[in-house]
Amino acid sequence: MSGGDSGKGPARNRERAFVLTGATGFLGGHLMAALLERGDRLVVLGRPSKGVSLEKRISGFLEWSGQGHRRDRVETLEADLLEPRCGMGADRYETLLAEARPIIHCASDTRFSEFKRREITDANVNSLKGILKLAEDSRAPFFHYVSSAYAAGTGRSFCPESRAGSGGFANVYEETKAQAERDVMEACTRCSIPVTLIRPSIVYGDSRTGRSTRFNALYFHVKSLQFIRDIYLEDARTNAGRRSREHGVSLDNDGTLHLPLRIFLPRRGRLNLVPIDYFVSASLAILDRARAGFVYHVTNHHSSDLEDIAAYCESFLKIKGIEFHYGPSNGAALSPPEALLDKFIEDYRPYLADTRRFDRAHTDQATGGLRVPELTYENFERCMKYAVNVNWGKGAPS
Amino acid sequence: MDDVLTTAKSCRHYAMCKIDFLDSGVCASGPERVYDSFYPQGRMMLYAALAEGRIPVTKKTVEIAESCDLCGKCDYQCYFVTEMRPTRVMAALKDFVARHMSSGGVAERAPEDALLKDIRSIVGEEWAENDRGIAATYARDPGPLTRPRTPAYVVLPGTRDQVSSLLRLFHERGIPWAVRGNGTQNMGFVLSEGAVIDLGRMKDIVFDEKNWVVRVGAGVSAFDVQREAVRRGYRVNVAEPAALVCANVVCSGIFSTFMPAYGTAADNFVDADFVASDGSLFSLSDKNAANLFAFRQADQETPGICTRLSLKLHPTTPDETGILVPFESQEKALRFVKECAVRRIGLALSVLGPEYASVFLAPTKQMAAEVKDVFTEKLGIPYLVLVIGDAYTMRSVAEMGHPAFNQRLFRAIALGLPSLRSAGWLELLGQISADVPYSYLKIKGFAEMAELALRPSPGQLCRDVDPDLRPFFESLYARPEMTDLVWLNMFRILSARMGREKQFSVNIVYLPLEIKLIGELIEEFRRVAERHGLKNDLGFITPIDQGKRCILEYDYFFDQNDPDEIARTQRAAMDAGAVIEAYSARLGTIRWIRHVVNQGMSRRENLLYT
C-alpha cells in the first residue's frame, strides 16, 4: 500500500506521490523539501497569503531549501479546506481525485491565543472536513495527520502513543489538535482509510546548519531577552548606563550585562525539543513504515532542563542574572524588565513548567532507532546565530 | 521656478507667523504696522508678485522690504509648521527692491483718490491704502476654488464705529468689500476687487470673570485669548491658533476636540456685537436683532462683521491629562468614542487618522512619513482616539479596559520618534499583543522601559532638523507644554502641520455618529480622491451633543503651485459635495461646511436637528 504498509513492513522502491497541506509552514515546508529530494512528487494544497500566490510561496520555500530545481515535481493547487470541494472548481477537483495518493495533513494554526479561538478552530478542526472528504472521494490509501505531542493534554505525566484524551489542555492550540485527532480517527475509521497520527514536540531549526524559517517557541524567548538586553546596552552606550542602574542593571568589564531577571514558575520544567532535521527524517521513516491506527511521538528522549536553556541564553547573549523561582510568586513586585519579560513569555508559560514525558516506542520502531540530536549549546548557538543573522526571519519565505 | 520663488508661492497662509506660538517673538514690523504685508506671510506674497512681474516696485513695497531686519524669527515659526525657510524670501525681497532702486528704478506712488480720502477720514491716514504692493498681499488665497482678486483698497478699522462708518460708506457707494482675519480662508470669501477690511487692529481682550466670559475684539486670535484665559486658570473653546475668534465663530462655528464638553456654534459664546452690511449696529442679545441663531440648509450671505464676541470661559482642574487610545479599526474607535460621548466621559474626544498623529508629532516631513508607517505597520495602530479629561475620566476609560498611551508614554514617543522609527523590537510588541491588542501598554513599568528604549530627548527629536535651527528647536521641545496633550489640544499649534507636505482642502460634515454611515461616507470621500489621483486621508471625527452627532473632517491634499492638481482638487471638491448633498437629501440629518459658512452663530440645536 502506497504511503505506508498498514502493518506489512517497510517498502519503498518507487517514486510516489503525496497530497500535502501546510507546505508553506515550518514543518510542512521542510517535509515537502525532503520528499522532493528523495524523488517523490507532490500535490500541494494551500492558500495565497498577503497577496503572494501559493505558487510563489512554494517556489520561495523550495529556493530557500535548495530544492528549487525540483519545482516541476510539485503541483500547487490553491485550496480552501473550509469550502466544498476544498474551494476548487468541479473540474479541478475531479482531476485531483483521478489519482489516489496518500495525504499528509500538516496545515495548522499554531497560535495559542484564546482570543483567536475561532480562527484556530477553523484551521485545526473545521477545515478537516474538506481534507477528509478529499481523502474519502479520492480513496486515499493513507492519511497522515501531523498533530502535536501536547495534544495528549495536561492531565498526565506520561503520555503514551495512543489516542488523545479529552482532559485539560494548556491552550486552544492543544485543545483543537486533540479534537482534530479524534475527528481524523473517527472519519478515517468510518471510511476505512488507514491513518497515522504524527506528533512532534517543540521543533526548532536544523541541528546541523542552524537554518530555520520560523522563529517562534524557543527562539521567541531568546529574541525577547535580546530585545531587553539591547535596551540596556544602548543605555550603557549612550547614557553611561545611568537609567540601567535604577533597575540594578550594569555592564561588566568583560562586556557581560548583569541583568537581574526573576522568572516565577509553578515548578521546574523541561522542554521537549527536536530539531527540524530530526522531525523530517523521522517523519519520512514513519511515512515509509506507517502502521494504520498508530500514533508516533516525534519527540526527544531527553527533554531539556529549562535552567540549562536559560544558561545557554545567558552565554549566547552575554548576559547574566536569570533566576528561576518555583512555587507561588506570592505577588512579588516585578521590575520593569521582569514585567516585560513576563508578558513576553506569557503564552509559553505552561511549557516552561511542563514535566510531561512522552512514550516513543512506535517511533523508535519506525525510525529504526534514529538518534535524536540533543539540544547542546553548540546546536543552540548555531540556531540562534542563524536567527540573528537573518534578523529573526525578516525576508524568510512566508 | 527657483527655490526662493517656490517657497514664496508655497506659503500656506495659515498666519502662524502672526502669532507668538513658539514664544520666540513675531516679526517686529507686523504688530507695529498691522497690515498683513508687514508680516512674513505678506512678504512672501509680495515677493512672488514682484518676481513674477505682476506688480511694480511701489512706495509701500520699499517700506515693507526695508522693515524686515532678517531676524530669522519667521524661520522658526514657518519651519515648525511647514519646514519652509521664509527668511531667504525676505532676503530676496530686500535684494530685489534694493537692486531696483540702486539701478535708478522708481517706487511707484499710488495717488489718493476721492474714495480713499473718505476712507482715511474714517480710519486715519495710515490705516487705508491703495498701494499695489499692499494690495498684492491681500489678493490671493491658496485654496483650490478661488481665483486671485486684487482689492482697490485695504482698510484697517480700529473700532466698531469705524467699521460701521466704513460699511455705510461702501453701502452708499456700491463698493464691494470682504472682511478678513489673520490668514486667508481658502474658499475665496476674503478676496474682493473693492475693499478688503483687515480687522487686525481690534485686539482688545477684556475678562468678565464673574460672568464667565471674555470679550474679544475682532482682531484677537485663538492663541492669544487662550493664552490669557489659561493664565487666569480658565479655558476657552477655540480653533486654529492663528484664526481670529470672531471671524472663526461667524464663519463656521468652532470645530475642536473639546466639542463633546463645550459644544459648537452658539454654545461657545454669550453675546456678540455686529455691524450689519448697511453699517447698522446690533448685538445678538438685542430683542430686535436679526436671528442669527437660526439655521437654514442653504448658502448664506455674511450677516455682517462681528466686532466683539463674549466668549464663554470654562473652568479647568489641576488633574486634567490626556491619553491616546489605540484601535485596530475605525469601527472600534468609533464605538469607543461614542460610548464615551454618550456617557459624558471626557472633555475632549477625537478619532484621529494615522496621518494626523504622525504629521502632528514629527518635526519634519520625512520623519512623519516614517512614523506613520511605524504606527500603522509595526505597531498596528491605524487609529488613535484622543481623550482629554480629569482623573475621573481616566479612571472611567481604564475601567472600560482599553490600553492607552498615557501622558508619560506620549512624551516618550513624541521625543523618541527617531528611535521609534528604527526600533526592531516593535514587532515583538505586536506578537505579545495578539490576544488583546496593545496589551503591552498595560505592562507595569512599560513607560519606563519605553523611555529606556526610545531615549526621548529634544536633541534626539531634532536630529533631522536643519542644523542652524537645531539649538532653537531643542530648547523649544524641552518645554513641558510641547509634549503635554492637554496644552497641545488647547493651543493646537501642531494641527497646522497637516498642510506641511501639501496644501489641503477639507470636507467637513456634521452627521449622526453612526458607524455604518460614517464608514460609507469616508469610503465615498476616499473613492472621489482616488478617482482624481489625490492624496487623501481621514482627518478627525469628534462627537457632539452626547454622541448624537459628530463632526467628520476628510482631507484632500494638493500642490498649490500645480495647476493640474488644483484642477483635480476642484473636481474632487465638486464630486465630494455631490456625495454629501445626496446623503443629506436622503437622510435629512447631515449638515456640511458649505451651508455652515456664515451660520456659525446658529444654535447647536438648530444647526444639527432642524
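H7(A) and H10(A) are oblique to each other, and this pair is a good place to begin a walk through what is a predicted model. The axes of H7(A) and H10(A), the latter being residues 306-317 of chain A, come within 11 Å and cross at roughly 45 degrees. That angle falls outside the ranges for parallel, antiparallel and perpendicular pairs, so the word oblique applies. The crossing of H7(A) and H10(A) is right-handed.

If you would like to find this meeting point on your screen, look on H7(A) for His221(A), Val222(A), Leu225(A), Gln226(A) and Arg229(A), which meet Cys313(A), Phe316(A) and Leu317(A) of H10(A). Sorted by class, the residues of this contact are 5 nonpolar, 2 polar and 1 charged. An α-helix has 3.6 residues a turn, so residues three or four places apart point the same way. With that in mind, it is worth looking again at how Val222(A), Leu225(A) and Arg229(A) are spaced among the residues that H7(A) brings to H10(A).

Now follow H7(A) along its length. Helix H7 of chain A covers residues 218-239, which is 22 residues, and spans 32 Å from its first C-alpha to its last, close to the 32 Å expected at 1.5 Å a residue. After H7(A) comes Ala240(A), which has a positive phi, near 55 degrees.

Next, step back to the domains of chain A. Domain 1 is assembled from three stretches, 17-209, 271-303 and 355-373, while domain 2 takes 218-269 and 305-352. Taken over C-alpha atoms, the centres of domain 1 and domain 2 of chain A are separated by 35 Å. Where the two meet, 8 residues of domain 1 of chain A are in contact with 8 residues of domain 2 of chain A. The domain 1 side of this meeting holds 6 nonpolar and 2 polar residues, with no charged ones.

Another helix pair of chain A is worth a visit. Helix H4 (residues 117-126) of chain A packs against helix H6 (residues 172-191) of chain A at an angle of about 30 degrees, and their axes are 9 Å apart. That angle makes H4(A) roughly parallel to H6(A). H4(A) passes H6(A) in a right-handed crossing. On the H4(A) side, the contact uses Arg117(A), Ile120(A), Thr121(A), Asn124(A) and Val125(A). H6(A) answers with residues including Tyr173(A), Thr176(A), Gln179(A), Ala180(A) and Asp183(A). By class, the contact of H4(A) with H6(A) has 5 nonpolar, 4 polar and 3 charged residues.

From here, cross over to chain B, where 16 residues are in contact with 20 residues of chain A. On the chain B side, the biggest contribution comes from helix H20 (residues 446-454), with 5 residues. That side of chain B is made up of 11 nonpolar, 1 polar and 4 charged residues.

Chain B has its own domain assignment, with domain 1 at 3-102 and domain 2 at 317-497. The C-alpha centres of these two domains of chain B lie 35 Å apart. Their meeting involves 9 residues of domain 1 of chain B and 9 residues of domain 2 of chain B. On the domain 1 side there are 7 nonpolar and 2 charged residues, and no polar ones.

The last stop is a helix pair in chain B. Helix H24 (residues 515-531) and helix H25 (residues 563-587) of chain B pack at an angle of about 155 degrees, with their axes 9 Å apart. This makes H24(B) roughly antiparallel to H25(B). H24(B) passes H25(B) in a right-handed crossing. To see the contact, bring up Leu521(B), Glu524(B), Phe525(B), Val528(B) and Ala529(B) on H24(B), together with Ala572(B), Asp575(B), Ala576(B), Val579(B) and Tyr583(B) on H25(B). The residues of this contact divide into 8 nonpolar and 2 charged, with no polar ones.

Technical notes. Residues numbered from 1 in each chain as written. Chains lettered and ligands numbered in written order. Predicted model: local features only at pLDDT ≥ 70, side-chain atom pairs only at ≥ 80, totals over all residues. Axes fitted to C-alpha atoms, helices over the stretch in contact; angles between N-to-C directions. Helix = DSSP H or I, 4+ residues; strand = E, 2+ residues; numbered from the N terminus. Parallel < 35°, antiparallel > 145°, perpendicular 65-115°, else oblique. Left-handed = near helix turned anticlockwise from the far one by under 90°. Contact = placed C-beta atoms within 7 Å. Nonpolar A, V, L, I, M, F, W, Y, C, P; charged D, E, K, R; others polar. Domains from an automatic or database assignment. Expected span 1.5 Å × (residues − 1).
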